[in-house]
Amino acid sequence: MAGNIGGVQAKCKEKNSNILYVHCYAHFLNLSLIDSICASSKSKGEVKKDRTVFNFLGTVQFVYSFIKGSPMRHAVFEKISKENGGFVQTLESCSTTRWTCRAEAISAIKNNYLVLLRTLKEIISNCSVPEMRAKGQGLLYQLKSFNFIFCLNMLHSILQIVLKLNSFLQTPNLEL
């Protein structure tokens, strides 16, 4: 949309070179959220930002990649889900640009947390590939860590509010 070569911004500037491009409010919200967790301090006087949330989101993405990246591991996940008997939310990938996708990914992890732990334990115990076994053990360790559990609960609550705000900011009749 904002591309200065072939995006809407470029098309509008062809018609009127004085026109200014302004991001929509929902895009501003997304940029603010990304900057709040991803930007690192570069000047001497600033305090270095804590990377806990950044690392958490990386782990969420790795859970998705690890389970969904292999039909065998995904089958173990589905088998344990069915044994659990409850509703299982599909694992989602974290988008680098849309917080709604991140909210869905975190919600899926939270709703499937115990199933994921059991899945990883079974994968670790039955895996014959040392690299995958090591990745599974590392992932299990991360999922049980205080930082992960804290971020999972904190961000789940925060992102539910962000989703509502994001939807509101995209309403056609919004006037601020």
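**A Tour of the Salt Bridges**

At 23% relative accessibility, glutamate 122 counts as partly exposed. This residue is the starting point in the model, which is predicted. Glutamate 122 takes part in one of the four salt bridges that the structure holds.

Select lysine 79 next, together with glutamate 122. Their side chains meet in a salt bridge, with 2.8 Å from N to O. Colour helix H6 (residues 113–126), where glutamate 122 lies, and helix H4, which carries lysine 79; the pair therefore ties together parts that are 43 residues apart in sequence.

Remain at lysine 79 and add glutamate 83. A second salt bridge of lysine 79 appears here, and the closest N and O atoms are 3.8 Å apart. Both residues belong to helix H4 (residues 71–84), and because they are four residues apart, about one helical turn separates them. Lysine 79 itself is partly exposed, its relative accessible area being 37%.

Move now to helix H7 (residues 130–144) and select glutamate 131 and lysine 135, which lie four residues apart, about one turn of the helix. This pair forms a salt bridge whose closest N and O atoms are 3.3 Å apart. Lysine 135 is partly exposed, at 33% relative accessibility, and glutamate 131 is likewise partly exposed, with a relative accessible area of 48%.

For the last stop, which residues do salt bridges with shared partners join into one network? Select Lys79, Glu83, Arg118 and Glu122 together to display that network.

Methods. Residues numbered from 1 in each chain as written. Predicted model: local features only at pLDDT ≥ 70, side-chain atom pairs only at ≥ 80, totals over all residues. Heavy atoms only, no water. Helix = DSSP H or I, 4+ residues; strand = E, 2+ residues; numbered from the N terminus. Buried < 20%, exposed > 50% of the residue type's maximum accessible area, 1.4 Å probe, protein only.
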